[in-house]
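Me: I am new to this structure and should like to go through it in questions and answers. Please show it first.

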Amino acid sequence: MIGYALTFAFACFGLGLLLNIYRVVWAPTKGDRILALDTMVINAIALLALFGIHKGTTMYFEASMIIAMTGFISTVSYTRFLLRGDIIE
Amino acid sequence: MLVEILIAACLVISGIFGLVGSLGLIKLPDPMMRLHAPTKATTLGVGGALIASMLYFYFVVGTFSFHELMITLFLFLTAPITGHFVAKTHLHLTRKPGDLPPTGSDRPWASYESDAERARIEAAAEGDTAG
């Protein structure tokens, strides 16, 4: 039963990742593009957590922690750049 | 058996929330509306996936791992900050200060107040309370 639920969750988050890629490429405003990149990072973390369940190992959580931090820093620096024209003042 | 049902339910709910969050980013009409879907629904979805992972490793594999809790805490702390920054970027790129409704006080919207003006007003307020 966990296997079926895992397949369903994999399909949902994979489809979400495809929708995010569509939004990154065809975005109406710059804010949407940043938001889509941030959502891509969150979906990638979810996929890594599901992959860890699938493989039965906790090795992938360090990777998802690093991806979470990198995604946060990149989103904040992109928005800071658009707001102030400068990242580190 | 009960634990398996719980883990499967967590996985299915997290998948639905993650898909709804990504779909909302595509379907909603206004940029400020589109901000809602990823910052709330997708964060809840990834939280559900991490809870399912923690339950799985504790009850099925037999090892307790607290990495999921750290990732959940980090995501729940940073999602409002990124949402705030994206909303502020959108406001600055598409609206002028004249387009916004009045604030109801003599100070402008905090996002458009210059540093010098804020320092002057705060120094004046501090002088009032001290005197």
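Me: What is the handedness of the crossing of α3(A) and α4(B)?

Reply: Helices here are DSSP runs of H or I with at least four residues, strands are E runs of at least two, and both are numbered from the N terminus. A crossing counts as left-handed if the near helix is turned anticlockwise from the far one by less than a right angle, and as right-handed if clockwise. The crossing of α3(A) and α4(B) is left-handed.

Me: On what kind of model do these statements rest, and how are its parts numbered?

Reply: Residues are numbered from 1 along each chain as its sequence is written, while chains are lettered from A and ligands numbered from 1 in the order in which they are written. Local features need pLDDT of at least 70, side-chain atom pairs count only at pLDDT 80 or more, and totals for chains, interfaces and linings use all residues, for this is a predicted model.

Me: How are α3(A) and α4(B) directed relative to each other?

Reply: The axes, lines fitted to C-alpha atoms (for helices over the stretch in contact), give angles from 0 to 180 degrees between N-to-C directions. Those of α3(A) and α4(B), residues 67-94 of chain B, come within 9 Å and cross at roughly 15°. Angles under 35 degrees count as roughly parallel, over 145 as roughly antiparallel, 65 to 115 as roughly perpendicular and the rest as oblique. The two helices, α3(A) and α4(B), are therefore roughly parallel.

Me: How are α2(A) and α3(A) directed relative to each other?

Reply: Their axes lie 9 Å apart, and α2(A) and α3(A) pack at an angle of about 175°. The contact includes L37(A) and V41(A) of α2(A) and I67(A) and Y78(A) of α3(A). Helices α2(A) and α3(A) are therefore roughly antiparallel.

Me: What is the handedness of the crossing of α1(A) and α1(B)?

Reply: Helix α1 of chain A (residues 2-25) and helix α1 of chain B (residues 2-27) have axes 8 Å apart and pack at an angle of about 15°. That makes α1(A) roughly parallel to α1(B). Their crossing, α1(A) with α1(B), is left-handed.

Me: Which helix gives the largest share of the side of chain A that touches chain B?

Reply: In all, 43 residues of chain A are in contact with 47 residues of chain B, contact meaning that C-beta atoms, placed from the backbone, lie within 7 Å. On the side of chain A that touches chain B, α1, α2 (30-55) and α3 (60-84) each supply at least two residues. The largest share, 16 residues, comes from α2(A).

Me: What distance separates the centres of domain 1 and domain 2 of chain B?

Reply: An automatic or database assignment sets the domain bounds. For chain B it gives domain 1 (2-94) and domain 2 (98-131). Taken over C-alpha atoms, their centres are separated by 36 Å.

Key
Contact = placed C-beta atoms within 7 Å.
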